Amino acid sequence: MALNKTPVPSLPVEELLCYLCIHGTRHRWLYLDLVCCVSELIRSCKDIEWLQAWRFAARIHCTTVLLLGLGLSRKLMQAEIPEYLTQLIDSSPRINKLVEELSQDLFSGYGAGMVVPDTFDLHQLKVKDRFYDKVLYVGRVVFIPTKVDLRVFPLPETLAFVRYFLRPVRLGWEYFSRRVSK
C-alpha cells in the first residue's frame with residue numbers, strides 16, 4: 001500500500017476485514033464508526049476475495065465475528081455482501097439476534113461512556129466459535145490480574161504470581177458483597 005507515495009506494509013484486504021470485525025466485536029460494536037470502517041472497506045475494495053476472507057476467519061476461529069460485522073454493516077450501512085454470506089447471516093438465529101441487540105444498543109445510548117470491560121461480558125462469550133475459546137475467555141477473566149488487582153494487592157515483584165490466585169477470591173468477594181447488599 002502506498003502512503004504519500006511511500007510503500008507501507010499492510011494487511012491483505014481479507015485479513016483487514018476480519019481484523020475490523022474482531023476490533024468492533026472487542027468494543028461490543030458500541031460506536032458507529034466501527035461499523036462504518038467495515039462498510040467503507042467493503043465499498044472501497046471491489047476485489048475482495050470473499051471466500052479467502054471466510055477461510056481466514058475459519059482458520060482463526062472467528063466466523064461468528066465476521067458474520068456479525070457483515071450483518072451489522074448490511075443492516076446499518078446497506079453494505080453489499082455476496083449472496084452466500086447473506087444467506088449464512090439470514091439463516092442463523094444467533095447472528096440475527098446479535099445484530100438486532102447490538103443495533104439497538106448502538107442507538108439507545110447503552111454504551112455511553114462505556115469502555116471495554118476487564119470483567120466478564122456475556123457478549124464476548126456469545127461470539128466465540130468454539131467451546132474451547134469460551135473456556136479460555138472465562139479463564140482469562142477469572143484468573144488474569146487487572147489494574148484493579150494491582151492496586152488492591154500491592155505485592156513485591158517476587159510475589160506477583162500470587163495475584164493469579166487472589167483475583168478469583170476478590171471477584172467472589174465482590175459478587176458476594178453485592179448479593180448481600182441487595
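**Close-ups of a predicted model**

**View 1. Arg28 sits in the loop that links helix H1 (13-26) to H2.** This is a predicted model, and Arg28 makes a handy starting point. With a relative accessible area of 12%, Arg28 counts as buried, because the cut-off for buried is under 20%. The Arg28 side chain has a partner, too: a polar contact of 3.0 Å joins it to the side chain of Asp105.

**View 2. Helix H6 (93-108) has a set of buried residues, and Asp105 is one of them.** Along with Asp105, the buried residues of H6 are Ile95, Leu98, Val99, Leu102, Ser103 and Leu106. Look down the axis of H6 and these buried residues fall within an arc of 165 degrees, so they line one face of the helix. What covers them? The neighbours include helix H2 (32-44), H4, H5 and helix H7 (122-126). Turn to the other side of H6 and you'll find Pro93, Lys97, Gln104, Phe107 and Ser108 exposed.

**View 3. Here's H6 from end to end, with its length checked.** The helix has 16 residues, which at 1.5 Å a residue should span 22 Å. The end C-alpha atoms of H6 are 22 Å apart, so the model agrees with that expectation.

**View 4. Helix H5 (residues 83-90) has its own buried residues: Leu85, Thr86 and Ile89.** They cover an arc of only 105 degrees around the axis, which puts them on the same side of H5. Which helices do they pack against? Helix H3 (50-59), helix H4 (63-77) and helix H6 (93-108) are the ones in contact with the buried residues of H5.

Technical notes. Residues numbered from 1 in each chain as written. Predicted model: local features only at pLDDT ≥ 70, side-chain atom pairs only at ≥ 80, totals over all residues. Heavy atoms only, no water. Buried < 20%, exposed > 50% of the residue type's maximum accessible area, 1.4 Å probe, protein only. Helix = DSSP H or I, 4+ residues; strand = E, 2+ residues; numbered from the N terminus. Arc of directions from axis to C-beta. Contact = heavy atoms within 4.5 Å. Expected span 1.5 Å × (residues − 1). Polar contact = N/O pair within 3.5 Å; in protein donor to acceptor, adjacent residues only side chain to side chain.
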